Amino acid sequence: MFESLQAAQADAILGLIAEYRNDPRDNKIDLGVGVYRTAQGDTPVLDVVKRAEQMLVDQQMSKSYIGTAGAADFNSAMQALVFGDAGPTDRLATIQTPGGSGSLRVAAGMILRASPDASVWVSEPTWANHVPLLGGAGVTLKPYPYYDTENHVIKIDEMLAALRMAPAGDIVLLHACCHNPSGLDLSVDDWQAVADVVVERELVPFIDMAYQGFVENLDSDAYAVRLMAERVPEMMVATSCSKNFGLYRDRVGTLSLLAADTAARDIVSSQVNNLVRSIYSVPPDHGAAVVSLILHDEGLRGAWVTELAQMRERLIDMRVLLAEALAEKAPEHNFSHLARATGMFCFLGVTVEQIARLKKDFGVYMVNSSRINVAGITPDNVNYLADSIVATLRNE
Ligand SMILES: Cc1ncc(COP(=O)(O)O)c(C=O)c1O
């Protein structure tokens with residue numbers, strides 16, 4: 001059977017990680033991989049997670065199966081975190097999923113069950129994995145304009161024009177905050193305009209929120225979700241606890257489905273649980289149990305908010321440091337978008353040839369789109385990084 005297979009195309013990021021690892025230079029810099037890092041280059045377990053894990057070890061009495069929807073206490077706490085205390089709970093079904101990716105894949109299955117002819121509109125560009133996760137499941141994807149690579153701004157007018165052409169019932173995938181890969185988010189006014197089009201054209205918002213807490217705070221980062229939930233009858237929201245709880249490998253996320261009324265919600269709930277049973281049966285428990293302990297305990301929750309703020313502030317500081325260093329060393333170029341962007345990513349805005357030179361001559365690694373993870377920047381390497389970029393741009 002397997003003789004019919006050919007090797008799958010290698011993942012660009014994995015190849016880059018391997019090259020970086022094998023690079024003997026001491027001053028090499030990794031701006032490719034998509035995880036948070038401290039100034040020491042670590043992706044540590046949060047202290048609050050360690051504390052909650054210890055409590056879990058002491059308290060957990062059984063490793064028996066949890067149901068297809070996961071743990072009810074986790075789901076209710078996550079629903080409140082995402083939709084706020086005034087969320088439309090009577091119309092919402094929230095399930096625990098294996099990370100944000102698992103959530104997106106289940107959402108794709110729900111689209112195919114509920115509306116197989118609908119297309120999902122995705123930003124151009126979008127997170128690279130949206131394409132295999134949704135398209136690979138059989139959903140039709142269509143692009144809407146988003147990022148202006150010349151001027152480093154959002155093409156809001158073109159985006160709205162494209163969405164105005166979408167047929168009723170189509171689905172619009174939106175990044176709640178920290179747009180991956182561009183780092184540029186819609187403003188409050190832009191979100192209102194998008195919501196107007198969504199309502200007018202009877203589109204279904206599908207919001208991916210993988211970075212809640214990385215822009216400003218947990219509530220304001222959920223603005224888009226809460227705005228849409230007030231204005232539309234139906235929507236889907238995928239969340240991930242990989243970044244904001246640092247639980248990458250434990251696979252924690254949710255899928256929330258907003259239905260027109262409680263009766264419709266119950267039908268949606270039965271369908272999504274039936275779907276999960278046919279894919280992975282039940283979600284992994286450990287990480288979600290840790291999140292639930294943190295969200296339900298005032299002290300732990302406060303400690304988490306503090307650690308989350310530390311991660312956020314480090315990313316903001318590194319963006320500003322690099323933008324300032326480049327402004328000083330290369331005033332003929334405009335890198336102000338680096339400081340305007342949010343979250344872990346943004347485009348540096350250099351060519352594929354310049355990316356190759358940065359790697360070869362300076363040991364600075366990034367993916368070919370020039371998306372950089374600002375968590376790879378530290379106060380110690382920022383000058384070397386800026387010098388490398390400037391030398392490359394000036395062809396020195
Ligand atoms: C936009 C976006 N959505 C979803 C995810 C899902 O992450 P995970 O499956 O690790 O929870 C990520 C992770 O990088 C992301 O950037």
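# Briefing: fold, central sheet and one buried glycine

Among contacts in the chain between residues at least 6 apart in sequence, 76% join residues at least 24 apart. The model is predicted. Its secondary structure comes to 14 helices and 13 strands. The radius of gyration is 21 Å, close to the 21 Å that the globule rule gives for 396 residues, so the chain is as compact as a globular protein of that length.

**Overall dimensions and surface**

- The C-alpha trace spans about 65 × 55 × 55 Å along its principal axes.
- Of the 396 residues, 54% count as buried.
- The accessible surface of the chain is about 17,900 Å². Carbon and sulfur atoms account for 52% of that surface.

**The seven-stranded sheet**

- Seven strands form an open sheet in the order S2-S10-S9-S8-S7-S3-S4. The pairing is mixed.
- The edges are strand S2 (92-97) and strand S4 (140-145), each of which pairs on one side only.
- From one strand to the next, the twist averages 20 degrees.
- At the S2 edge, S2 pairs with strand S10 (residues 253-258) in the antiparallel sense, over six bridges. Gln96 has Thr254 in S10 as its bridge partner.
- S10 also pairs with S9: six bridges join these two strands, which run antiparallel. Here Met236 stands opposite Leu257 in S10.
- S8 and S9 run parallel and are joined by four bridges. The bridge partner of Asp208 is Ala238 in S9.
- Between S8 and S9 the chain passes through H8, and this β-α-β crossover is right-handed.

**Strand S9: covered on both faces**

- In a regular strand the side chains alternate between the two faces of the sheet.
- How many of the six residues of S9 are buried? Six of the six are, and the strand is mostly covered.
- One side carries Met235, Val237 and Thr239, and the other carries Met236, Ala238 and Ser240; all are buried.
- Two of these buried residues have partners described above: Met236 stands opposite Leu257, and Ala238 is the bridge partner of Asp208.

**Helices packed on the sheet**

- Helix H3 (residues 72-83) lies across S2, strand S8 (204-209), strand S9 (235-240) and S10. H3 runs at about 115 degrees to S2.
- Helix H8 (residues 223-231) has a run of buried residues: Ala224, Val225, Arg226, Leu227, Met228 and Ala229. Arg226 is one of them.
- What do the buried residues of H8 pack against? Their partners are H3, strand S7 (171-175), helix H7 (188-200), S8, S9 and S10.
- H8 is thus tied to the sheet twice over in this account: the chain passes through H8 between S8 and S9, and the buried residues of H8 pack against both strands.

**Gly343: a buried loop residue**

- Where is Gly343? It sits in the loop between helix H12 (336-340) and strand S11 (345-347).
- Is Gly343 buried or exposed? Its relative accessibility is 5%, and buried means under 20%, so Gly343 counts as buried.
- Leaving aside neighbours within four places in sequence, Gly343 is in contact with Cys178, Phe214, Leu315, Arg319 and Val374.
- Gly343 and Asp58 are 285 residues apart in sequence. In space, they are 35 Å apart, C-alpha to C-alpha.

Key:
Residues numbered from 1 in each chain as written. Predicted model: local features only at pLDDT ≥ 70, side-chain atom pairs only at ≥ 80, totals over all residues. Heavy atoms only, no water. Pairing = 2+ DSSP bridges. Axes fitted to C-alpha atoms, helices over the stretch in contact; angles between N-to-C directions. Contact = heavy atoms within 4.5 Å. Rg over C-alpha atoms; globule rule 2.2 N^0.38 Å. Buried < 20%, exposed > 50% of the residue type's maximum accessible area, 1.4 Å probe, protein only. Areas by Shrake-Rupley, 256 points an atom, 1.4 Å probe, with all protein chains shown as cover. Right-handed = clockwise from strand over helix to strand, strands pointing away.
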